[in-house]
Amino acid sequence: FPKALKVGADIMCVDLEDAIAPQHKAEARAATLKWFAEAELDGSVEAMVRINAPRTPEGMRDIDAVLASPKAPPALMLPKVKSPAEIVALTELFDELKIPTRLQVIVETNEALKAAWEIARSSDRIDAMFFGGVDMAADLRCRNSWNALLYARSRVVHAAAGAGVDVIDVPYLDLNDMDGMRAEAEAAAELGFSGKGSIHPSQAPILNEIFTPSAAEVAYARRVVEAFETADSGLVVLDGKLLEKPVLRSMYRVLARAGA
């Protein structure tokens with residue numbers, strides 16, 4: 001786990017779900033929560049745990065262990081969510097017991113896709129929506145390809161934007177195809193994703209490059225912000241282009257991302 005904190009990613013997520021065989025679930029759960037209880041995390045990298053689906057027996061054991069831990073993980077990633085009710089119930093439980101843990105929600109079921117807007121707004125603990133493409137493709141009975149999942153991806157981006165939270169794309173699973181990963185990450189960034197999951201340290205530098213605003217983008221954003229802040233109307237002309245107020249919102253977001 002300490003090694004994973006140093007690969008250059010913004011988030012480190014320990015997986016208790018798909019990465020762990022059933023016979024090792026209890027051992028992995030105990031080791032993970034012991035480490036989180038003892039680790040001195042400085043907050044420079046968000047650290048979290050992907051538990052098993054909360055409505056399953058293993059997920060219930062995960063949550064019970066989190067509640068019993070002397071120091072709960074800073075955040076949990078929730079897989080296989082189907083409805084806002086699951087998030088509301090967990091939020092109420094954490095509120096009652098004063099557990100400060102934040103949430104990220106994976107949209108990877110057909111039911112969650114339909115309810116994505118409501119799910120994104122179901123708790124003020126939610127920091128991000130995560131698009132789970134592999135399970136989504138299986139649920140939708142389509143190919144796990146960009147074109148086949150474009151509608152599903154767009155719905156998740158739409159829901160996250162409506163709630164004002166980040167939205168993260170599914171990891172690219174072929175470690176031998178960095179060009180393919182780059183192309184998919186660039187398309188995800190263009191669609192509105194805040195970032196993309198990584199399953200290997202070798203992927204992190206490329207993803208950071210794509211999702212971090214460039215020096216030129218930051219410089220332009222600062223010029224736009226300055227132009228609007230010194231203008232006496234809702235319209236400005238910069239480099240011969242007419243810019244309206246909605247552009248300003250995008251520029252503020254660029255600067256926020258650059259400074260994070």
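# Reading contacts, strands and a pocket

Me: Which residues does Thr101 touch, not counting residues up to four places away in sequence?

Reply: With those neighbours set aside, Thr101 touches Ala72, Pro73, Pro74, Ala75, Leu76, Phe94 and Arg125. Contact here means heavy atoms within 4.5 Å. Before we go on, remember that this is a predicted model, in which local features need pLDDT of at least 70 and side-chain atom pairs count only at pLDDT 80 or more, while totals for chains, interfaces and linings use all residues. Residues are numbered from 1 along each chain as its sequence is written, and side-chain values use heavy atoms, with hydrogens and water left out.

Me: Where does Thr101 lie, and is Thr101 buried or exposed?

Reply: Look for Thr101 in the loop between helix H3 (84-96) and strand S4 (102-107). Helices (H or I, at least four residues) and strands (E, at least two) are DSSP runs, numbered from the N terminus. Thr101 is buried because its relative accessible area is 0%. The cut-offs are under 20% for buried and over 50% for exposed, with partly exposed in between (1.4 Å probe, protein chains only).

Me: What lies 2.8 Å from a polar atom of the side chain of Thr101?

Reply: That is the backbone oxygen of Pro73. Pro73 is also one of the residues that Thr101 touches.

Me: How do I read a buried charged residue, such as Glu17?

Reply: Start with its place: Glu17 is found in the loop between S1 and helix H1 (25-38). Glu17 counts as buried because its relative accessible area is 6%. Then list its surroundings. Apart from residues up to four places away in sequence, Glu17 touches Lys25, Arg50, Ile51, Asn52, Pro79 and Lys80. With one of these, Lys80, the side chain of Glu17 makes a polar contact, side chain to side chain, at 2.6 Å. A polar contact is a pair of N or O atoms within 3.5 Å; within protein, one must be able to donate a hydrogen and the other to accept it, and residues adjacent in sequence count only if both atoms are side-chain atoms.

Me: And what separates Glu17 from Arg125?

Reply: Along the chain they are 108 residues apart, and their C-alpha atoms are separated by 21 Å.

Me: Which residues is Asp62 in contact with, leaving aside its neighbours within four places in sequence?

Reply: Asp62 is in contact with Leu16, Arg29, Ile51 and Asn52. You will find Asp62 in helix H2 (residues 57-68), and Asp62 is buried because its relative accessible area is 2%. Notice that Ile51 and Asn52 are among the residues touched by Glu17 too.

Me: In what order do the strands of the open sheet come?

Reply: Seven strands form it, in the order S1-S2-S3-S4-S5-S6-S7, and the pairing is parallel. Two strands pair if DSSP finds at least two bridges between them. At the edges are strand S1 (11-15) and strand S7 (195-196), each pairing on one side only.

Me: How do I follow the strands from S1 inwards?

Reply: Follow the bridges. S1 and strand S2 (residues 46-50) are joined in the parallel sense over five bridges. Met12 stands opposite Ala47 in S2, and Asp15 stands opposite Arg50 in S2. Next, three bridges join S2 to S3, again running parallel, and there the partner of Arg50 is Met77. S2 is largely enclosed by the rest of the structure because four of its five residues are buried. In strand S3 (residues 75-78), Ala75 and Met77 point one way, Leu76 and Leu78 point the other way, and all are buried.

Me: Which residues have a positive phi although they are not glycine?

Reply: Two to look at are Arg141, with a phi of about 60°, and Asp239, with a phi of about 55°. Arg141 lies in the loop between helix H6 (133-140) and helix H7 (150-163), and counts as exposed because its relative accessibility is 78%. Asp239 is in the loop between strand S8 (235-238) and strand S9 (241-244), and is exposed because its relative accessible area is 54%.

Me: How do I read a pocket?

Reply: Rolling a probe the size of a water molecule over the atoms shows where empty space is left. On a 1 Å grid over the protein atoms alone, a pocket is an open set of points where a 1.4 Å probe fits, with protein on both sides within 12 Å along at least five of seven lines; lining residues have an atom within 4 Å of a point. The second largest pocket is lined by 15 residues, and Ala189, Pro213, Glu217, Val254 and Arg257 lie nearest its centre. Helix H9 (204-211), helix H10 (215-230) and helix H11 (245-259) each give two or more residues to this lining, and H11 gives the most, with five.
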